[in-house]
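Visitor: I'd like to go through the aromatic rings here and hear the reasoning behind each label. Can we take it step by step?

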Amino acid sequence: MRTQNSATAPRSIAVEVGAPAGRTAGTLQAALGVTAFSLTFPATAWGLEGFGPWSLVAVRCVLAALIAGGCLLALRVPLPARRHWPGLAVVAGGVVLGFPMLTTLALRTSTTAHAAVVVGLLPLTTALFSTLRVGSRPSRTFWTAALAGAAAVLAFTVQQSGGALTAADAYLFAALLVCAAGYTEGGRLARAMPGWQVIGWALVLCLPLAAAGAGLALAHEPVRLTVHGVTGLLWVAAGSQFLGLVVWYRGMAAIGIPKASQLQLAQPLLTLVWSVLLLGEHLTVAAPLTAAAVLVCIAVTQRTRG
(Lines give C-alpha, C1' and ligand atoms only; values in the text may rest on other atoms or scores of the structure.)
Protein backbone atom coordinates (compact mmCIF):
# COMPACT_ATOMS: atom_id res chain seq x y z
CA MET A 1 0.00 0.00 0.00
CA ARG A 2 1.05 3.61 -0.46
CA THR A 3 2.22 5.71 2.47
CA GLN A 4 1.46 9.31 3.24
CA ASN A 5 4.17 11.93 3.02
CA SER A 6 4.42 15.64 3.55
CA ALA A 7 3.71 16.34 -0.09
CA THR A 8 0.34 14.61 0.10
CA ALA A 9 -0.65 15.85 3.55
CA PRO A 10 -4.08 17.51 3.52
CA ARG A 11 -3.88 21.21 2.80
CA SER A 12 -7.19 22.02 4.43
CA ILE A 13 -5.68 21.93 7.91
CA ALA A 14 -2.92 24.31 6.95
CA VAL A 15 -5.46 26.68 5.48
CA GLU A 16 -7.68 26.51 8.54
CA VAL A 17 -5.00 27.30 11.11
CA GLY A 18 -4.93 31.00 11.84
CA ALA A 19 -7.98 31.86 9.70
CA PRO A 20 -11.05 33.16 11.58
CA ALA A 21 -13.36 30.66 9.87
CA GLY A 22 -10.88 27.87 10.61
CA ARG A 23 -10.63 28.85 14.28
CA THR A 24 -14.42 28.92 14.61
CA ALA A 25 -14.79 25.53 12.96
CA GLY A 26 -11.93 24.13 15.03
CA THR A 27 -13.45 25.41 18.26
CA LEU A 28 -16.81 23.86 17.34
CA GLN A 29 -15.23 20.51 16.51
CA ALA A 30 -13.21 20.48 19.74
CA ALA A 31 -16.40 21.35 21.68
CA LEU A 32 -18.23 18.44 20.04
CA GLY A 33 -15.40 16.18 21.09
CA VAL A 34 -15.67 17.41 24.68
CA THR A 35 -19.42 16.75 24.64
CA ALA A 36 -18.82 13.19 23.43
CA PHE A 37 -16.13 12.65 26.08
CA SER A 38 -18.40 13.99 28.83
CA LEU A 39 -20.64 10.96 28.35
CA THR A 40 -17.77 8.51 28.72
CA PHE A 41 -17.86 8.05 32.50
CA PRO A 42 -21.66 7.62 32.75
CA ALA A 43 -21.57 5.26 29.76
CA THR A 44 -18.73 3.30 31.37
CA ALA A 45 -20.75 3.02 34.58
CA TRP A 46 -23.61 1.61 32.50
CA GLY A 47 -21.26 -0.76 30.71
CA LEU A 48 -19.93 -2.11 33.99
CA GLU A 49 -23.48 -3.24 34.83
CA GLY A 50 -23.16 -5.94 32.17
CA PHE A 51 -19.44 -6.47 31.61
CA GLY A 52 -16.30 -6.88 33.67
CA PRO A 53 -13.74 -4.05 33.47
CA TRP A 54 -11.28 -5.95 31.27
CA SER A 55 -14.03 -7.20 28.97
CA LEU A 56 -15.54 -3.74 28.63
CA VAL A 57 -12.27 -2.08 27.62
CA ALA A 58 -11.15 -4.86 25.28
CA VAL A 59 -14.50 -5.20 23.50
CA ARG A 60 -14.91 -1.42 23.13
CA CYS A 61 -11.47 -1.27 21.54
CA VAL A 62 -12.27 -4.11 19.15
CA LEU A 63 -15.56 -2.53 18.07
CA ALA A 64 -13.99 0.91 17.61
CA ALA A 65 -11.08 -0.59 15.66
CA LEU A 66 -13.46 -2.43 13.34
CA ILE A 67 -15.36 0.81 12.66
CA ALA A 68 -12.14 2.72 12.04
CA GLY A 69 -10.61 -0.04 9.94
CA GLY A 70 -13.75 -0.27 7.84
CA CYS A 71 -13.64 3.46 7.14
CA LEU A 72 -9.95 3.38 6.27
CA LEU A 73 -10.45 0.40 3.98
CA ALA A 74 -13.56 1.78 2.28
CA LEU A 75 -11.82 5.08 1.52
CA ARG A 76 -8.58 3.32 0.50
CA VAL A 77 -6.53 5.46 2.84
CA PRO A 78 -2.79 4.79 2.39
CA LEU A 79 -0.62 3.67 5.29
CA PRO A 80 0.93 6.52 7.30
CA ALA A 81 4.56 7.38 6.68
CA ARG A 82 7.05 5.42 8.75
CA ARG A 83 7.97 8.49 10.80
CA HIS A 84 4.36 8.78 12.04
CA TRP A 85 4.11 5.28 13.55
CA PRO A 86 5.94 6.08 16.84
CA GLY A 87 3.50 8.92 17.45
CA LEU A 88 0.56 6.67 16.60
CA ALA A 89 1.89 4.15 19.13
CA VAL A 90 1.80 6.89 21.81
CA VAL A 91 -1.80 7.73 20.85
CA ALA A 92 -2.70 4.03 20.96
CA GLY A 93 -1.08 3.44 24.34
CA GLY A 94 -2.45 6.60 25.94
CA VAL A 95 -5.89 7.22 24.43
CA VAL A 96 -7.00 3.85 23.05
CA LEU A 97 -5.74 1.53 25.82
CA GLY A 98 -4.33 3.38 28.82
CA PHE A 99 -6.99 5.96 29.65
CA PRO A 100 -10.02 3.68 29.10
CA MET A 101 -8.49 0.84 31.13
CA LEU A 102 -7.31 2.97 34.05
CA THR A 103 -10.53 4.96 34.36
CA THR A 104 -12.67 1.84 34.06
CA LEU A 105 -10.73 0.24 36.91
CA ALA A 106 -11.18 3.44 38.93
CA LEU A 107 -14.93 3.54 38.30
CA ARG A 108 -15.38 0.16 39.98
CA THR A 109 -14.98 1.90 43.34
CA SER A 110 -15.21 5.60 42.49
CA THR A 111 -18.24 7.71 41.61
CA THR A 112 -18.32 9.56 38.33
CA ALA A 113 -18.08 12.84 40.26
CA HIS A 114 -14.82 11.81 41.90
CA ALA A 115 -13.45 10.39 38.64
CA ALA A 116 -14.14 13.72 36.96
CA VAL A 117 -11.13 15.15 38.78
CA VAL A 118 -8.89 13.53 36.18
CA VAL A 119 -10.74 15.37 33.43
CA GLY A 120 -10.54 18.61 35.38
CA LEU A 121 -6.75 18.37 35.47
CA LEU A 122 -6.40 17.06 31.91
CA PRO A 123 -6.45 20.43 30.09
CA LEU A 124 -3.60 21.80 32.19
CA THR A 125 -1.60 18.58 31.87
CA THR A 126 -2.15 18.51 28.10
CA ALA A 127 -0.95 22.12 27.83
CA LEU A 128 2.17 21.19 29.81
CA PHE A 129 2.83 18.18 27.60
CA SER A 130 2.38 20.29 24.46
CA THR A 131 4.88 22.83 25.76
CA LEU A 132 7.46 20.08 26.19
CA ARG A 133 6.65 18.09 23.05
CA VAL A 134 5.49 20.63 20.47
CA GLY A 135 7.28 23.71 21.78
CA SER A 136 4.18 25.89 22.16
CA ARG A 137 4.60 28.94 24.40
CA PRO A 138 1.26 30.22 25.70
CA SER A 139 1.15 33.65 27.32
CA ARG A 140 1.23 34.33 31.05
CA THR A 141 -2.45 35.31 30.91
CA PHE A 142 -3.24 31.96 29.32
CA TRP A 143 -1.46 30.06 32.10
CA THR A 144 -3.11 32.14 34.82
CA ALA A 145 -6.57 31.44 33.41
CA ALA A 146 -5.76 27.76 32.85
CA LEU A 147 -4.52 27.32 36.43
CA ALA A 148 -7.55 29.15 37.80
CA GLY A 149 -9.91 26.94 35.80
CA ALA A 150 -8.13 23.77 36.86
CA ALA A 151 -8.22 24.90 40.50
CA ALA A 152 -11.95 25.61 40.28
CA VAL A 153 -12.69 22.20 38.78
CA LEU A 154 -10.44 20.46 41.31
CA ALA A 155 -12.11 22.18 44.24
CA PHE A 156 -15.55 21.29 42.93
CA THR A 157 -14.84 17.62 42.22
CA VAL A 158 -13.03 17.08 45.53
CA GLN A 159 -15.94 18.73 47.36
CA GLN A 160 -18.36 16.48 45.48
CA SER A 161 -16.45 13.41 46.62
CA GLY A 162 -16.45 14.51 50.26
CA GLY A 163 -12.77 15.46 50.26
CA ALA A 164 -11.60 11.87 50.73
CA LEU A 165 -9.01 10.23 48.50
CA THR A 166 -9.49 6.60 47.50
CA ALA A 167 -7.39 3.80 46.06
CA ALA A 168 -8.89 4.72 42.68
CA ASP A 169 -6.86 7.96 42.69
CA ALA A 170 -3.74 6.05 41.64
CA TYR A 171 -5.58 4.83 38.53
CA LEU A 172 -6.93 8.32 37.85
CA PHE A 173 -3.53 9.99 38.17
CA ALA A 174 -1.92 7.47 35.82
CA ALA A 175 -4.82 7.92 33.37
CA LEU A 176 -4.28 11.67 33.45
CA LEU A 177 -0.65 11.34 32.40
CA VAL A 178 -1.09 8.79 29.61
CA CYS A 179 -4.12 10.58 28.14
CA ALA A 180 -2.36 13.97 28.09
CA ALA A 181 0.54 12.36 26.23
CA GLY A 182 -1.84 10.75 23.74
CA TYR A 183 -3.79 13.98 23.18
CA THR A 184 -0.60 15.95 22.60
CA GLU A 185 0.85 13.46 20.15
CA GLY A 186 -2.48 13.09 18.37
CA GLY A 187 -2.86 16.86 18.03
CA ARG A 188 0.63 17.06 16.55
CA LEU A 189 -0.07 14.25 14.06
CA ALA A 190 -3.41 15.84 13.08
CA ARG A 191 -1.42 18.63 11.43
CA ALA A 192 0.04 16.09 8.99
CA MET A 193 -3.01 13.87 8.40
CA PRO A 194 -6.76 14.15 8.99
CA GLY A 195 -7.70 13.72 12.65
CA TRP A 196 -9.97 10.75 12.00
CA GLN A 197 -7.04 8.92 10.42
CA VAL A 198 -4.90 9.57 13.49
CA ILE A 199 -7.29 7.80 15.83
CA GLY A 200 -8.26 5.32 13.10
CA TRP A 201 -4.71 4.03 12.64
CA ALA A 202 -4.12 4.05 16.40
CA LEU A 203 -7.18 1.85 16.86
CA VAL A 204 -6.14 -0.52 14.08
CA LEU A 205 -2.70 -0.74 15.67
CA CYS A 206 -4.34 -2.00 18.88
CA LEU A 207 -6.73 -4.45 17.22
CA PRO A 208 -4.61 -7.65 17.53
CA LEU A 209 -3.91 -7.04 21.22
CA ALA A 210 -7.50 -5.98 21.91
CA ALA A 211 -8.94 -9.03 20.15
CA ALA A 212 -6.74 -11.38 22.16
CA GLY A 213 -7.59 -9.52 25.36
CA ALA A 214 -11.30 -9.64 24.61
CA GLY A 215 -11.17 -13.39 24.12
CA LEU A 216 -9.40 -13.93 27.45
CA ALA A 217 -11.52 -11.45 29.40
CA LEU A 218 -14.85 -12.73 28.12
CA ALA A 219 -13.81 -16.26 29.05
CA HIS A 220 -13.04 -15.29 32.66
CA GLU A 221 -15.45 -12.46 33.47
CA PRO A 222 -19.23 -12.87 33.70
CA VAL A 223 -21.34 -11.12 31.08
CA ARG A 224 -24.90 -10.01 31.71
CA LEU A 225 -26.55 -8.45 28.68
CA THR A 226 -28.74 -5.52 29.76
CA VAL A 227 -30.01 -2.43 27.97
CA HIS A 228 -27.71 -0.22 30.04
CA GLY A 229 -24.74 -2.51 29.60
CA VAL A 230 -25.01 -2.78 25.83
CA THR A 231 -25.83 0.93 25.38
CA GLY A 232 -22.85 1.94 27.50
CA LEU A 233 -20.54 -0.39 25.55
CA LEU A 234 -21.73 0.91 22.17
CA TRP A 235 -21.31 4.54 23.20
CA VAL A 236 -17.79 4.21 24.60
CA ALA A 237 -16.80 2.25 21.47
CA ALA A 238 -18.36 4.38 18.72
CA GLY A 239 -18.87 7.75 20.44
CA SER A 240 -16.01 8.16 22.88
CA GLN A 241 -13.37 5.95 21.27
CA PHE A 242 -13.82 6.95 17.61
CA LEU A 243 -16.24 9.74 16.63
CA GLY A 244 -15.39 11.97 19.61
CA LEU A 245 -11.67 11.65 18.98
CA VAL A 246 -12.13 12.37 15.25
CA VAL A 247 -13.59 15.82 15.84
CA TRP A 248 -11.34 16.41 18.86
CA TYR A 249 -8.11 15.93 16.92
CA ARG A 250 -9.40 18.04 14.04
CA GLY A 251 -10.23 20.80 16.49
CA MET A 252 -6.77 20.64 18.09
CA ALA A 253 -5.11 20.84 14.68
CA ALA A 254 -7.14 23.95 13.79
CA ILE A 255 -6.87 26.04 16.98
CA GLY A 256 -3.79 24.59 18.66
CA ILE A 257 -3.34 22.04 21.43
CA PRO A 258 -3.25 24.43 24.44
CA LYS A 259 -6.44 26.32 23.51
CA ALA A 260 -8.34 23.19 22.55
CA SER A 261 -7.32 21.53 25.81
CA GLN A 262 -8.87 24.33 27.84
CA LEU A 263 -12.29 23.61 26.38
CA GLN A 264 -12.12 20.38 28.38
CA LEU A 265 -12.45 22.40 31.57
CA ALA A 266 -16.19 22.20 30.92
CA GLN A 267 -16.13 18.41 30.62
CA PRO A 268 -16.40 17.51 34.34
CA LEU A 269 -19.45 19.75 34.70
CA LEU A 270 -21.08 18.20 31.64
CA THR A 271 -20.26 14.77 33.05
CA LEU A 272 -22.00 15.67 36.30
CA VAL A 273 -25.08 16.81 34.39
CA TRP A 274 -25.20 13.49 32.54
CA SER A 275 -24.64 11.71 35.86
CA VAL A 276 -27.76 13.34 37.27
CA LEU A 277 -29.84 12.55 34.21
CA LEU A 278 -28.55 9.05 33.52
CA LEU A 279 -27.30 7.73 36.88
CA GLY A 280 -29.53 9.59 39.32
CA GLU A 281 -26.67 11.29 41.18
CA HIS A 282 -27.32 14.57 43.01
CA LEU A 283 -25.49 17.90 42.64
CA THR A 284 -24.91 20.60 45.22
CA VAL A 285 -25.40 24.36 44.83
CA ALA A 286 -21.68 24.63 44.08
CA ALA A 287 -22.27 23.34 40.53
CA PRO A 288 -23.58 26.57 38.90
CA LEU A 289 -20.93 28.65 40.68
CA THR A 290 -18.16 26.42 39.40
CA ALA A 291 -19.70 26.39 35.92
CA ALA A 292 -19.62 30.19 35.81
CA ALA A 293 -15.98 30.30 36.94
CA VAL A 294 -14.96 27.68 34.38
CA LEU A 295 -16.74 29.47 31.54
CA VAL A 296 -14.90 32.69 32.40
CA CYS A 297 -11.56 30.85 32.33
CA ILE A 298 -12.40 29.25 29.00
CA ALA A 299 -13.28 32.64 27.55
CA VAL A 300 -9.95 34.07 28.67
CA THR A 301 -7.88 31.18 27.31
CA GLN A 302 -9.67 31.34 23.95
CA ARG A 303 -9.00 35.07 23.60
CA THR A 304 -5.30 34.89 24.44
CA ARG A 305 -2.77 34.11 21.75
CA GLY A 306 -0.09 31.49 22.38
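Guide: Sure, and let's start with a definition: buried means under 20% relative accessible area, exposed means over 50%, and partly exposed is in between. Keep in mind that this is a predicted model.

Visitor: Why is Trp85 called partly exposed?

Guide: Trp85 has 27% relative accessibility. That value falls between the 20% and 50% cut-offs, so Trp85 counts as partly exposed.

Visitor: And what about Trp201, buried or exposed?

Guide: Trp201 comes in at 7%, and the limit for buried is under 20%, so Trp201 counts as buried.

Visitor: How many aromatic pairs are there?

Guide: The count is six aromatic pairs. Take Phe37 and Tyr183: their ring centres are 6.1 Å apart, with 20 degrees between the planes.

Visitor: What makes Phe37 and Tyr183 a stacked pair?

Guide: Centres have to lie within 6.5 Å, and planes under 30 degrees apart count as stacked. With 6.1 Å and 20 degrees, the Phe37–Tyr183 pair meets both limits, so it is stacked. Phe37 sits in helix 2 and Tyr183 in helix 8, so the pair ties together parts 146 residues apart in sequence.

Visitor: How do you know that Phe37 and Tyr183 are buried?

Guide: Phe37 has 5% relative accessibility and Tyr183 has 4%. Buried means under 20%, so Phe37 and Tyr183 count as buried.

Visitor: Why is the Trp85 and Trp201 pair edge-to-face?

Guide: Their centres are 6.1 Å apart and their planes at 70 degrees. Over 60 degrees counts as edge-to-face, so that's the label for this pair. Trp85 lies in helix 5 and Trp201 in helix 9, so this pair links parts 116 residues apart in sequence.

Conventions:
Residues are numbered from 1 along each chain as its sequence is written. This is a predicted model: local features need pLDDT of at least 70, side-chain atom pairs count only at pLDDT 80 or more; totals for chains, interfaces and linings use all residues. Side-chain values use heavy atoms; hydrogens and water are left out. Helices (H or I, at least four residues) and strands (E, at least two) are DSSP runs, numbered from the N terminus. Buried means under 20% relative accessible area, exposed over 50%, partly exposed in between (1.4 Å probe, protein chains only).
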